[in-house]
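Trainee: Got a minute? I'd like to go through this chain with you.
Mentor: Sure. Take a look, then ask away.

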Amino acid sequence: MVAKPAYTVPDLSGKLAVVTGGSDGIGLGLAGRLAAAGAEVVLPVRNPAKGEAAAERITAAHPGARVSTRVLDLSSLDSVEALAAALAGEGRPIHLLVNNAGIMEPPVRHETKDGFELQLGINHLGHFALVAHLLPLLRAGRARVTSQISFAADYFGMNWNDLQWRDAYKPSRAYSQSKIAQLLFAVELDRRSTTLGWGISSNASHPGITPTNLLAAQPHMGRSKDTASVKLIRRLGRAGILIQPAEDGPLPALYAATSSDARGGRLYGPGGFLHFSGAPAEQPLYKNVRKEEDARRMWELSQELVGVRFPTS
């Protein structure tokens, strides 16, 4: 049986937290716990009705919680820029940003509105552009930026010669690449902030193996029924074998985003067997992200692809 992990979120009164992908799954649990700890939480969501329902669930569970929604479609750079402009217009410093939204292994190749392979576009490039646009607000709040990755980033590697997987698309490899890119970004963002004095910290987290809807049926993605993997994960979860219970999936991201012991440039995940489940803990960076030249290369490529550049001073 899986031991019950524990982490108490510190008081976040007066903090503004932005959580992408907060309308269901791990993101919803994460947003709820941040709100319960006193943070004002903004949920940028693609589906406004779903976002409002999530906000209502949080406020029903935590009376007095402050939760609001904004529109964000990470598959559209125009939408990313519009959200950042709206938040900039509100003028409030951001103290916590959790890049949590993502998709996993559509069986057929899809593209974003800007022509990127969908997993790379949503999981990495959309968040990269969002952080670039929000940098003044993040600097004003001396923010911590936490990127939610996956242990899939420990497998395969970057397909540097065909980042968009236009030739011989492989769902699992493309997913792994998107999470490697996201982790490279998290590490490089912290490195540049330290070097250039931006005053923010950046780290990454992963939830282990947790029952979510990432591999569930999604006909619009070409997946007509739940995968065998998600069925197995659900069965193991019900039996308490290796799998992180859904309610504990947010813990590593919560720890990475709010703990005074969590540091920039590090990776946090479940501390149990193979990092599949257990209380949140630091773990070594995956081999795919240990070369600084790879992080710099991904940074420059990402700037070119999204058309937004970070400051150099």
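**Confidence, fold and rings**

Mentor: Start with a caution: this model is predicted. Over residues 216-220, pLDDT stays under 50. The model has eleven contacts beyond four places in sequence for that stretch.

Trainee: How should I read a place where pLDDT is low?
Mentor: Where pLDDT is low, don't read the predicted coordinates in detail.

Trainee: And what's the mean pLDDT of the chain?
Mentor: The mean is 91, and 87% of the residues reach 70 or more.

Trainee: OK, new topic. How many helices and strands are there?
Mentor: Eight helices and eight strands. Look at strand 2, residues 40-45, and strand 3, residues 66-71. They run parallel, joined by six bridges.

Trainee: Which residue in strand 3 is the bridge partner of V42?
Mentor: S68. Add helix 2, residues 48-61, and you have a right-handed β-α-β unit.

Trainee: Now rings. How many aromatic pairs are there?
Mentor: A search of the whole structure finds nine. Take W198 and F310.

Trainee: Why is that pair stacked?
Mentor: The planes of W198 and F310 are at 20°, and stacked means under 30 degrees. Their ring centres are 5.9 Å apart.

Trainee: Where do the two sit?
Mentor: W198 is in the loop between helix 5 and strand 6, and F310 is in the segment after helix 8. So the pair ties together parts 112 residues apart in sequence.

Trainee: Are they buried or exposed?
Mentor: Both W198 and F310 are buried. They also belong to one aromatic cluster with F128, F185 and W299.

Key. Residues numbered from 1 in each chain as written. Predicted model: local features only at pLDDT ≥ 70, side-chain atom pairs only at ≥ 80, totals over all residues. Heavy atoms only, no water. pLDDT = per-residue confidence, 0-100. Contact = heavy atoms within 4.5 Å. Pairing = 2+ DSSP bridges. Helix = DSSP H or I, 4+ residues; strand = E, 2+ residues; numbered from the N terminus. Right-handed = clockwise from strand over helix to strand, strands pointing away. Phe/Tyr/Trp six-rings, centres within 6.5 Å; stacked < 30°, edge-to-face > 60°. Buried < 20%, exposed > 50% of the residue type's maximum accessible area, 1.4 Å probe, protein only.
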